[in-house]
Amino acid sequence: MTQPKTVLSHFDSMPSTPGKFKPEKSAFYRLRLQPRLFLRFILWSFVFVFVILLFFFFSPPASGASNRRNLIDKQARSVTDQLGPNWERRVRASALPRSKSGFSILVTGAAGFVGSHVSLALKRRGDGVLGLDNFNNYYEVGLKRARKSLLARSGVYIIEGDINDAVLLQKLLDAVAFTHVMHLAAQAGVRYAMQNPSSYIHSNIAGFVNLLEACKSSNPQPAIVWASSSSVYGLNSQTPFSEKDRTDQPASLYAATKKAGEEIAHTYNHIYGLSITGLRFFTVYGPWGRPDMAYFTFTKDILRGKEIKIFETSDHHSVARDFTYIDDVVKGCLGALDTAKKSTGSGGKKKGAAQLRIYNLGNTKPVPVGKLVSTLEKLLKMKAKKKVLVMPRNGDVPFTHANITLARGELGYKPTTDLETGLKKFVKWYLNYYGSKKRSAW
């Protein structure tokens with residue numbers, strides 16, 4: 001019978017007496033006993049490490065980092081090309097106040113309705129004003145260009161650019177130590193949000209955050225006054241609307257973005273020490289106004305002999321608005337700027353509690369839309385072709401009514417223009433702008 005072969009392992013070579021085992025000497029140990037081989041080993045080791053270091057040193061950066069760097073460089077070159085030659089000189093000249101006590105103010109949305117009026121008022125009283133506007137095509141760009149020309153004649157320079165352009169904002173804040181930012185750039189309009197909702201997120205939320213980011217990193221930090229909206233009151237039924245009322249029931253995406261802006265403002269005030277004042281505008285109207293507003297479209301359609309739509313509530317009550325004339329709103333904006341305290345942060349770090357305010361800027365006298373139409377008929381000396389319809393669910397609310405007690409007490413805000421007086425000035429401007437200048441409005 002054949003015996004199975006014994007399977008040997010490395011344990012078989014171990015001595016039976018503990019402590020007597022002598023392991024085989026390693027190759028490195030034997031190498032040390034031969035000095036020439038040892039030195040050669042050390043030399044080649046250094047050469048190997050040196051080659052590895054050279055490889056990492058001269059290797060191109062990772063594609064992601066390279067792409068980001070290239071993108072930043074490209075954006076910086078693009079912004080410089082966009083601003084044109086001698087842009088810093090023009091920017092500083094426009095933003096320079098006439099006296100040492102004057103403000104230096106960046107006005108976003110400067111070619112817009114409220115923005116152009118505020119910029120002109122600030123410049124006329126001696127403040128330095130630099131405008132920023134992207135001249136989007138939400139309504140006729142020609143009207144915005146005409147406002148820009150009007151401001152240029154008064155010495156206000158407007159940069160054509162977007163508040164979402166972080167590189168551009170940084171360049172402007174580096175070029176001028178602004179005391180204030182008057183932020184009026186926004187995607188306006190309640191109904192348009194149903195057609196292009198992303199534009200409201202882009203401008204009213206992302207754009208606002210981008211502006212606040214630039215301001216909080218600036219040294220010194222400017223004080224900020226910005227345009228919220230009466231739309232934040234949404235479905236609130238308590239009248240008149242007070243700053244203490246709830247604003248958590250927006251009726252439109254536009255209103256929701258403005259409410260989000262108020263919460264974002266609170267955050268940047270709390271974390272970074274930015275002084276921020278929000279202004280809730282109530283249906284602003286007047287010369288150089290927005291063509292999407294009811295008083296503007298009614299005027300155009302009455303002159304054209306077209307039918308106009310007048311909305312009422314489902315229970316047949318008239319829709320009413322707290323129409324506020326542009327000159328009154330401008331006074332409120334200037335009052336907010338004049339009473340704004342300095343931001344307390346520096347270079348993105350908060351150094352103390354900062355001012356945070358919100359105010360209603362309205363007229364306190366709601367007017368039914370039917371009254372608006374009859375006043376326009378009187379001023380235009382033409383009868384309107386009216387069609388009364390139930391107000392659709394498009395984000396509009398049945399009425400607005402401002403309580404301005406807080407603004408009156410703290411800003412000295414006191415509206416003085418009644419609807420007929422304000423519409424008379426608007427109609428005069430409209431007929432001049434679209435009539436004698438032969439501009440194509442209809």
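1. A good place to start is where W87, V91 and R92 of α4 meet K171, L172 and A175 of α7; contact here means heavy atoms within 4.5 Å. The residues of this α4 and α7 contact divide into 4 nonpolar, no polar and 2 charged (Ala, Val, Leu, Ile, Met, Phe, Trp, Tyr, Cys and Pro count as nonpolar, Asp, Glu, Lys and Arg as charged, and the others, Gly among them, as polar).

2. Please keep in mind that this is a predicted model, in which local features need pLDDT of at least 70 and side-chain atom pairs count only at pLDDT 80 or more, while totals for chains, interfaces and linings use all residues. Residues are numbered from 1 along each chain as its sequence is written, and side-chain values use heavy atoms, leaving out hydrogens and water.

3. Helix α4 spans residues 87–95 and helix α7 residues 166–175; their axes come within 10 Å and cross at roughly 65° (axes are lines fitted to C-alpha atoms, for helices over the stretch in contact, with angles from 0 to 180 degrees between N-to-C directions).

4. Now to the other pair: helix α10 (residues 294–304) packs against helix α12 (residues 369–380) at about 45°, their axes 10 Å apart. On the α10 side, Y295, F298, T299, I302 and L303 make the contact, and on the α12 side V369, L372, V373, L376 and L380. Those residues divide into 9 nonpolar, 1 polar and no charged.

5. Finally, have a look at S199 in helix α8, residues 197–216. At 11% relative accessibility, S199 counts as buried (under 20% relative accessible area, 1.4 Å probe, protein chains only). Its side chain reaches the backbone oxygen of N196 at 2.8 Å.

Note on methods: Helices (H or I, at least four residues) and strands (E, at least two) are DSSP runs, numbered from the N terminus. Buried means under 20% relative accessible area, exposed over 50%, partly exposed in between (1.4 Å probe, protein chains only). A polar contact is a pair of N or O atoms within 3.5 Å; within protein, one must be able to donate a hydrogen and the other to accept it, and residues adjacent in sequence count only if both atoms are side-chain atoms.
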